[in-house]
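Here is a short, friendly tour of one protein model, written for someone who likes to look at voids and side chains. Please keep the structure open as you read.

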Amino acid sequence: MALVGAGGLAAAFSTFPLTLPAAQAEIEARLGRLVGAPVSVVGSAEFALLPRPSVILSDVRALTVSDGAAMQLDIDRLEADFNLLDALTGKAEIRRVTLVRPELGPAEPPVASASPAAGPAPATAPAPPPSGPSEDGRATLRALLARFEGLGELRLRDGLVRLPGMAGAVSSADLDFRWAGAGSPASLSGSFVWNGQPAKVQGQIDRPVPFFRGEASPLRVVMSGPSGEIGFSGEGTGADPLRLSGVLKLSTPSLSRAARWLGEPSVPDLGALALETRIELSGERLNLGAVQLDLGGNTARGAMEADLSGAKGRRSLSGTLAFAHLDLGRAFQAVAPVPRNVLDLQRPVRFELGRDLDIDLRLSAERAQIGPVAAAELAAAIKVAGGSATLDIGDMAALGGRGGLRLRFAAVDGHPALDASLRLSAVNMAELDALSGVPLPVSMGSADLDVTLAGPASSWGELLAGGRSTLSLRVADGRLRGFPAELMRTAGRHEIEATKAAPAQSFRTLTASMQGSGTRVRLDALAMTTNEGTSEARGVIDAHTRRLILSGTSQSRIVEASGSGSAFTSSQPIPFTIRGEWPRPVMTVDAPEAPI
């Protein structure tokens, strides 16, 4: 029976109706229709019946046009599978095409012959068709879909794609596209490598032909890799303008690494990102409603809107986010890490997010952390435009009072610069003192504080060396650390111990005005009023070495002379100087002058 069967198969093979030339011609015609250009087979051609009828072609080439640019398609090996019953009846209907190591990239320019006498020019690939108007991506996909109908399945193995305008190439592409035609759903699945990282993609359009005609169709797509995962589920229309409506989910373990993978290397490292939102896309306008955001452990709800048109070369993002807890210190550390040693002072500070993206976000937070400062009831705005970035905290509760902070990072004549201002009112000096690494002179009281800082900011070292600062301080009902009341009235040399456990004297009011250049601060005016009198001082302070040189006078309060009449006597001002390194300077009090 085996011999009889083998003989029957041999007889069938010898009279097989489908021939190799017919199959090859069908493949060339079908593939040429798919790519929209003539296809030529430079290598060999083989035909096999079992385990399924297939034709294997090597070194297949075609020239085509993409967005007006000549493109060349080179395929190392092409496998076309046919239906067995169709093959037995002589039909060459392709059911599946597999492209092994296909490469699509810019066409190589033809090489001119050295001289007319060199002989006939070698045969060249077919010339590309005339370039028509550049089509957008949807028009190209719609044309490919129309040419694909009837093919069934297209598989790519170890493919390489380099398109004009792409920052990199899609390599190691193993993709399967299936569509039975007519009203059947179309699906795409597989993997590829982009910017050195592998990724997987899976998507489906339930009604592909109506979708590109402008009718609504359900669609789903998920792309995942080491840098994160993005997924969309909803419906849309592929006509002009493109419309999508559905749920978008995005997650990545590192926002900066995901941005680098997508070709945006300047996004600060703000930590992991998880986003879920309802999107409405119409053309180049994108609305994100019911946003649920988790950025570096900071959770928020809100709504945003984006303009993807890139008008004047710029895109925009705006909206409102409400945080339960917001750690702004993480963002500061990502943009400008606080120096840990002298070498870190020279680390460049870069902020390039605003190169082609404008941002206008309104933020609110029940609780916030700004470095070591805990805040609440925070209302802020973030604006990025024209390469400059501004964080404006209009109001917050902090340090027992309220305040605001404004930071602006921009380029002045092409050089990075920082402009900052801090405003605090009715804050507790004890809380401010607890944050300081060095004991402050004023350890208690209710204070109003205004600080400004401006200067070049390509690095911390440049800012500390060239920054200009001002400080205005007003304190009521406080205590001055290290200066007991009797010390100011005792002539001689006194060593001051202004540690946290040092004695202090009470005062009613204290005001100070300072101006700084780099780490050198000039104390323009210091005035303090106590129950015993008043004191004034001015001088110079080095914020880096903590050395200070101050000179001033103290004067006891005016008292009425004993006896009758309207005569008064007043004490003479007592000069003093303070020199040394804080918190252990030396105070020298002169003897009071004799009355005239």
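What follows covers the cavities, an aromatic pair and one serine.

## The model and its cavities

Please bear in mind that this is a predicted model. A search for enclosed space finds two cavities of 30 Å³ or more. They are taken in turn below, starting with the largest.

## The largest cavity

The largest cavity has a volume of about 160 Å³. Its lining is made up of 14 residues, and those closest to the centre are Met488, Thr530, Glu532, Ser535 and Ser554. If you would like to find the spot quickly, selecting these five is a handy start.

Two strands deserve a look here: β27 (533-542) and β28 (547-556) each contribute at least two residues to the lining of the largest cavity. Sorted by class, that lining holds eight polar, four nonpolar and two charged residues.

## The second largest cavity

The second largest cavity encloses about 40 Å³ of space. Around it you will find Ile27, Arg30, Leu31, Leu34, Leu78, Ile94, Val97 and Leu151. Two elements, α2 (20-35) and β5 (94-106), give two or more residues each to this lining. Helix α2 has the largest share, with four residues.

How many nonpolar, polar and charged residues line the second largest cavity? By class, the lining has seven nonpolar residues, no polar ones and one charged one. Arg30 is the charged residue in this lining, because Arg counts as charged while Ile, Leu and Val count as nonpolar.

## An aromatic pair

Turning to the aromatic rings, the model has one aromatic pair. The partners are phenylalanine 211 and phenylalanine 212, with ring centres 5.1 Å apart and an angle of 85 degrees between the planes. That geometry is classed as edge-to-face because the angle is over 60 degrees.

Are these two rings buried or exposed? Phenylalanine 211 has a relative accessible area of 6%, and phenylalanine 212 has one of 10%. Both values are under 20%, so both residues count as buried.

## Serine 54

The last stop is serine 54, which lies in strand β3 (residues 54-66). Its relative accessibility is 11%, so serine 54 counts as buried, the cut-off being under 20%.

Which residues does serine 54 touch, leaving aside its neighbours within four places in sequence? Serine 54 is in contact with Glu46, Phe47 and Ala48, and also with Ala80, Asp81 and Phe82.

Key: Residues numbered from 1 in each chain as written. Predicted model: local features only at pLDDT ≥ 70, side-chain atom pairs only at ≥ 80, totals over all residues. Heavy atoms only, no water. Phe/Tyr/Trp six-rings, centres within 6.5 Å; stacked < 30°, edge-to-face > 60°. Buried < 20%, exposed > 50% of the residue type's maximum accessible area, 1.4 Å probe, protein only. 1 Å grid on protein atoms, 1.4 Å probe; cavity = no way out; pocket = protein on both sides within 12 Å on 5 of 7 lines; lining within 4 Å. Points joined across faces, edges and corners; volume = space filled by probe spheres on them. Contact = heavy atoms within 4.5 Å.
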